[in-house]
Structures are given as structure tokens and as C-alpha cells.
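This report describes a binding site and the sheet beside which it is discussed. The structure is shown first, and the description follows.

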Amino acid sequence: TADVKTLIDRYVRDVPDYPQPGVVFKDITPLLAHPAGLATVVDALVEPLQGRGIDLVAGLEARGFIFGAPAAVRLGAGFVPLRKAGKLPAQTLAESYDLEYGTATVEMHADAVTPGSRVLVVDDVLATGGTGRAAVDLIRRAGGTVVEFSVLLELGFLKGRERLADVDLRVLATV
Ligand code: PRP
Ligand code: HPA
């Protein structure tokens with residue numbers, strides 16, 4: 001919707017040279033601090049998915065948790081945390097990936113997604129697509145169906161969507 005785009009445009013701020021020189025980091029904290037920010041974003045994320053049989057929302061650490069958890073509440077779905085390596089206590093599945101700035105591993109509890117589950121994956125920013133690719137692969141390895149991968153903001157110049165050509169991608173805004 002126009003509203004949510006305007007909000008993202010106004011309240012996501014550019015931080016130059018974070019976390020390393022040459023990267024312009026999109027900082028969502030002003031959006032979160034806006035009284036209508038989180039509610040407007042969560043409304044826009046869940047609206048197209050009402051009635052689509054979402055069983056689980058998978059949120060990517062850390063900022064995907066902020067949007068994914070309230071989306072799960074609104075959809076009457078469970079929540080699955082997809083975490084950085086070493087944070088989950090029980091048996092995990094893992095996928096490694098490259099970031100715009102470095103490399104990382106994302107993990108999911110091996111029993112978090114039962115085969116046939118319909119899963120919405122949520123994150124804040126789509127950059128190179130490595131994180132989203134790893135998340136989708138984890139859920140599919142567990143036998144889940146990725147109904148959609150939804151993000152607030154796509155950094156179009158990094159072409160992350162090319163790595164997610166086999167996924168229904170929803171972005172609320174693109175820069
Ligand atoms: C950021 C962002 C996405 C990911 C996007 O998280 O929140 O999860 O990178 O990048 P990609 O499309 O190139 O994979 P980050 O790894 O900085 O973790 P954090 O949220 O824990 O700070
Ligand atoms: N902002 C937030 N997360 C990110 C970014 C960014 O600019 N690039 C990669 N992940």
C-alpha cells in the first residue's frame with residue numbers, strides 16, 4: 001500500500017559506512033520508534049496471507065523476529081526462529097551463506113517444521129539474498145512449503161531476487 005511505502009521511505013535511514021566502509025546500511029530503528037510504524041508494516045505483511053493456510057511464520061534473526069512474531073500472532077500461526085549458528089539448543093539443520101559483508105550460517109531446529117507445513121518467511125531487508133536462500137532451503141529440507149518470503153525492503157542493486165527465482169517473493173518497498 002502507498003502508506004507503508006511512504007513510511008518505509010521516510011523512516012528507514014541510511015547509515016554510511018556501516019558495518020564496513022562502502023556499505024550504506026538501511027537502519028529500520030526510526031521506523032520501529034514511530035508509533036504507527038510496526039503496526040503498519042505488520043498489517044501490510046499479513047494482509048495478503050489471511051486465509052492462505054499459514055501454519056508457521058519463520059523469522060530470521062535478528063530483525064526478522066521483530067516483524068515475524070507479530071505477523072504470526074495476527075495469522076494465528078506458530079513462530080519458528082531461524083538463528084545464527086550456535087544459538088539454538090536442540091538438534092539443528094544448518095545452511096551457510098555469503099552476506100553483503102561477510103559470511104554466516106543460519107540454523108533451524110530440526111523438528112521445528114513438520115512435513116507439509118505451510119510457512120511464511122519474514123525478514124527486514126533483502127540484500128544479496130543469501131539469508132533468504134538459506135532460510136528457504138532449510139524449510140524445504142524439513143519438508144515444509146514456503147508460501148512466501150516477505151521483506152520490508154529490497155536493495156534492488158544487489159539483485160538478491162535472482163537467487164530466489166523459485167520463491168514467491170513479496171517486498172513492501174524497493175530501493
Ligand atoms: C541482515 C538482514 C537480513 C540479511 C540480508 O541481517 O537483517 O537478515 O542481513 O542480507 P542478504 O540478503 O545479503 O543475506 P544481519 O546478518 O546483519 O543480522 P542481524 O539482523 O542479526 O543484525
Ligand atoms: N540494512 C539492513 N540489513 C542489511 C543491509 C542493510 O543495508 N544489508 C544487508 N543486510
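## Ligand shell and sheet

Strand 7 contributes the largest share of the shell around ligand 1, with 4 residues. The model is a predicted one. In total, 16 residues surround ligand 1, and the closest are Lys84, Asp123, Asp124, Thr128 and Thr131. By class, the shell comprises 6 nonpolar, 4 polar and 6 charged residues. At least two shell residues come from each of strand 7 (118–126) and helix 5 (130–141).

Polar contacts to oxygen atoms of ligand 1 are listed below.

| Residue | Atom in the protein | Distance to an oxygen atom of ligand 1 |
|---|---|---|
| Thr128 | side-chain N or O | 2.5 Å |
| Gly129 | backbone N or O | 2.8 Å |
| Gly130 | polar backbone atom | 3.4 Å |

On its own, ligand 1 has 500 Å² of accessible area, of which the protein covers 86%.

Strand 7 also belongs to an open sheet of 7 strands with mixed pairing, ordered 5-6-4-3-7-8-9. Strand 5 (92–99) and strand 9 (169–174) are the edge strands, each pairing on one side only. On average, and ignoring direction, neighbouring strands of the sheet are turned by 20 degrees against each other. Within the sheet, strand 3 (residues 56–60) pairs with strand 4 (residues 78–84) in the parallel sense over 5 bridges; Ala58 stands opposite Val80 of strand 4.

Two helices are described against these strands. Helix 3 (residues 37–46) packs on the sheet and touches strand 7, strand 8 (145–154) and strand 9, its direction making about 145 degrees with that of strand 9. Helix 4 (residues 63–75) lies across strand 3, strand 4, strand 7 and strand 8, and runs at about 170 degrees to strand 3.

Key: Residues are numbered from 1 along each chain as its sequence is written. Chains are lettered from A and ligands numbered from 1 in the order in which they are written. This is a predicted model: local features need pLDDT of at least 70, side-chain atom pairs count only at pLDDT 80 or more; totals for chains, interfaces and linings use all residues. Side-chain values use heavy atoms; hydrogens and water are left out. A residue is near a molecule or strand if one of its heavy atoms lies within 4 Å of it. A polar contact is a pair of N or O atoms within 3.5 Å; within protein, one must be able to donate a hydrogen and the other to accept it, and residues adjacent in sequence count only if both atoms are side-chain atoms. Accessible areas come from the Shrake-Rupley method with a 1.4 Å probe; for residues, only the protein chains shown count as cover. Ala, Val, Leu, Ile, Met, Phe, Trp, Tyr, Cys and Pro count as nonpolar, Asp, Glu, Lys and Arg as charged, and the others, Gly among them, as polar. Two strands pair if DSSP finds at least two bridges between them. Axes are lines fitted to C-alpha atoms, for helices over the stretch in contact, and angles run from 0 to 180 degrees between N-to-C directions. Contact means heavy atoms within 4.5 Å.
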